[in-house]
Amino acid sequence: MPVIENLQQINDIIKSIALFIQTDEEIRPDFLEYMKTIGVNPASGAAFQSACFTYIFERNLGEEHKSILKIYLEKADLKAAEKKIVKALTKAVSSVYEIKKILKNGFEFYNIINEKKYDVTSLIKMTNFRGIGVGQYIVARIFNM
């Protein structure tokens with residue numbers, strides 16, 4: 001599958017998960033309480049989006065402490081390729097990275113925690129990273145596809 005199609009599919013899955021947390025009977029009340037607790041209004045744009053990502057990747061629910069992604073996997077009717085993406089997202093690593101090189105569609109990162117280099121492809125346009133340069137540090141969540 002071409003990279004562009006793969007990126008589009010990943011973005012579609014992430015949008016689907018974001019919609020899921022806002023509409024699922026089991027998750028919606030907890031999500032709304034979470035947003036209220038941290039003081040984020042759904043109309044606040046970027047802050048709301050950032051809070052959604054944090055909720056999706058960090059929140060665990062119920063007595064079994066299931067992750068949002070695991071609950072999504074259980075409830076959503078997904079094709080094999082979509083399941084692969086969600087499973088990859090469950091193994092995402094959030095860390096602090098030094099930017100070693102800016103690539104056409106991503107970065108070369110150096111993880112200051114485990115001292116490994118990573119070539120990453122951005123899910124958003126590189127123009128969103130204007131003003132970020134080599135030698136600077138970024139907190140990012142990466143996953144392997």
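How many helices and strands does the protein chain have? In this predicted model, five helices and six strands are assigned to the protein chain, and, read from the N terminus, these elements follow the order α-α-α-β-β-α-α-β-β-β-β.

The overall dimensions of the protein chain were considered next. A compact globule of 145 residues would be expected to have a radius of gyration near 15 Å, and the 16 Å computed for the protein chain agrees with that expectation. The C-alpha trace extends over about 45 × 35 × 30 Å along its principal axes. Of the 145 residues, 34% count as buried, while the surface exposed by the protein chain amounts to about 9500 Å², of which carbon and sulfur atoms supply 52%. When contacts between residues at least 6 apart in sequence are considered, 52% of them join residues that are at least 24 apart. With regard to charge, the mean position of the 20 positive charges and that of the 17 negative charges lie 6 Å apart.

In soluble globular proteins, nonpolar side chains tend to be buried together. In the present model, the largest nonpolar core comprises 25 residues, and the members that touch the most others are Ile-17, Ile-21, Ile-27 and Tyr-55. At least two residues of this core are supplied by each of the helices α1 (3–23), α2 (28–38), α3 (46–58), α4 (68–75) and α5 (80–90), with α1 giving the most, namely six residues. The surroundings of Ile-21 illustrate the packing in this region: once its neighbours within four places in sequence are set aside, Ile-21 is in contact with Ile-27, Arg-28, Phe-31, Cys-52, Tyr-55, Ile-56 and Ile-68. Two of these partners, Ile-27 and Tyr-55, are themselves listed with Ile-21 among the members touching the most others in the core. Apart from this largest core lies another, made up of 10 residues that include Phe-107, Val-120, Met-126 and Phe-129.

A charged residue in the strand region was also examined. Glu-108 is found in strand β4, which covers residues 106–111. Because its relative accessible area is 16%, below the cut-off of 20%, Glu-108 is classed as buried. With neighbours within four places in sequence again left aside, the residues in contact with Glu-108 are Glu-98, Ile-99, Lys-100, Lys-101, Leu-103, Lys-117, Tyr-118 and Asp-119. The contacts of this buried glutamate thus include residues of either charge, among them Lys-100, Lys-101 and Lys-117 as well as Glu-98 and Asp-119, together with Ile-99, Leu-103 and Tyr-118.

Note on methods. Residues are numbered from 1 along each chain as its sequence is written. This is a predicted model: local features need pLDDT of at least 70, side-chain atom pairs count only at pLDDT 80 or more; totals for chains, interfaces and linings use all residues. Side-chain values use heavy atoms; hydrogens and water are left out. A nonpolar core is a set of buried Ala, Val, Leu, Ile, Met, Phe, Trp, Tyr and Cys residues joined through side-chain atoms within 4.5 Å. Buried means under 20% relative accessible area, exposed over 50%, partly exposed in between (1.4 Å probe, protein chains only). Helices (H or I, at least four residues) and strands (E, at least two) are DSSP runs, numbered from the N terminus. Contact means heavy atoms within 4.5 Å. The radius of gyration is taken over C-alpha atoms; the globule rule is 2.2 Å times the number of residues to the power 0.38. Accessible areas come from the Shrake-Rupley method with a 1.4 Å probe; for residues, only the protein chains shown count as cover. The place of a charge is taken as NZ of Lys, CZ of Arg, CG of Asp or CD of Glu.
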